[in-house]
Amino acid sequence: MKPYESHESEENYLEAILMLSMDHRNVRAIDIANMLGFSKPSVSIALKRLREEGKVEVDEKGALSLTEHGLSIAQGTYEKHTVLTDVLVALGVNAYTASQDACRMEHVLSPESFAKIKEFYAKLKTEKEKA
């Protein structure tokens, strides 16, 4: 069995592009630098690698977009973030701390563990709605 490998930096960049694009605006490298608190040169290097790997595209005006492969990774990371945040808030953690912790946890959970957490939380929500 192949161990789960986390690519935290890559996932953070792809998730940032997804989240910024949800605001219905063109995403630029400077937006990612501001969102993640990284220097523009660091972001440029990371984006170059993501472009070379076929996960990000850049148009002639410098606007970034996710390829199908990049979008798949970003959506998976974003889903982990939102589910884990919701679970932690349901456990009584304040929303800010829950989001910060979820951001760290989303990169280290195996797909199997996340699926079980998601399944458990869905059952819990269903039971709560019935009550």
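Modeller: A pocket is an open set of grid points with protein on both sides within 12 Å along at least five of seven lines, and its lining residues have an atom within 4 Å of a point. The model here is predicted.

Biologist: Which residues lie nearest the centre of the largest pocket?

Modeller: Start with the lining of the largest pocket. It holds 13 residues. Those nearest the centre are Asn-12, Glu-15, Leu-36, His-81 and Cys-103.

Biologist: How much space lies in the largest pocket?

Modeller: There is a general way to look for it. Rolling a probe the size of a water molecule over the atoms shows where empty space is left. For the largest pocket, the space comes to about 240 Å³.

Biologist: Which helix gives the largest share of the lining of the largest pocket?

Modeller: Three elements give two or more residues to this lining: H1 (8-21), H2 (29-36) and H5 (95-105). By class, the lining has 6 nonpolar, 4 polar and 3 charged residues. The largest share is 5 residues, and the helix giving them is H1.

Biologist: What pattern does the protein chain follow along the sequence?

Modeller: Take the elements first. The protein chain has 6 helices and 2 strands. Its C-alpha atoms fill a box of roughly 55 × 35 × 25 Å along the principal axes. Read along the sequence, the pattern is α-α-α-β-β-α-α-α.

Biologist: Is H1 roughly parallel or roughly perpendicular to H2?

Modeller: The axes of H1 and H2 come within 10 Å and cross at roughly 110 degrees. Angles of 65 to 115 degrees count as roughly perpendicular. Therefore H1, relative to H2, is roughly perpendicular.

Biologist: How many nonpolar residues are in the contact of H1 with H2?

Modeller: On the H1 side are Asn-12, Tyr-13, Ala-16, Ile-17, Met-19 and Leu-20. They meet Asp-31, Ile-32, Met-35 and Leu-36 of H2. The contact has 1 polar residue and 1 charged residue, and its nonpolar count is 8.

Biologist: Why are H4 and H6 oblique to each other, and is their crossing left-handed or right-handed?

Modeller: The axes of H4 (68-90) and H6 (111-130) come within 11 Å and cross at roughly 50 degrees. That angle lies outside the parallel, antiparallel and perpendicular ranges, so H4 and H6 are oblique. The crossing is left-handed.

Biologist: How many charged residues are in the contact of H4 with H6?

Modeller: H4 brings Glu-79, Lys-80, Val-83, Leu-84, Asp-86, Val-87 and Ala-90. H6 brings Phe-114, Ile-117, Lys-118 and Tyr-121. By class, there are 7 nonpolar residues and no polar ones, and the charged count is 4.

Conventions. Residues numbered from 1 in each chain as written. Predicted model: local features only at pLDDT ≥ 70, side-chain atom pairs only at ≥ 80, totals over all residues. Heavy atoms only, no water. Axes fitted to C-alpha atoms, helices over the stretch in contact; angles between N-to-C directions. Helix = DSSP H or I, 4+ residues; strand = E, 2+ residues; numbered from the N terminus. Parallel < 35°, antiparallel > 145°, perpendicular 65-115°, else oblique. Left-handed = near helix turned anticlockwise from the far one by under 90°. Contact = heavy atoms within 4.5 Å. Nonpolar A, V, L, I, M, F, W, Y, C, P; charged D, E, K, R; others polar. 1 Å grid on protein atoms, 1.4 Å probe; cavity = no way out; pocket = protein on both sides within 12 Å on 5 of 7 lines; lining within 4 Å. Points joined across faces, edges and corners; volume = space filled by probe spheres on them.
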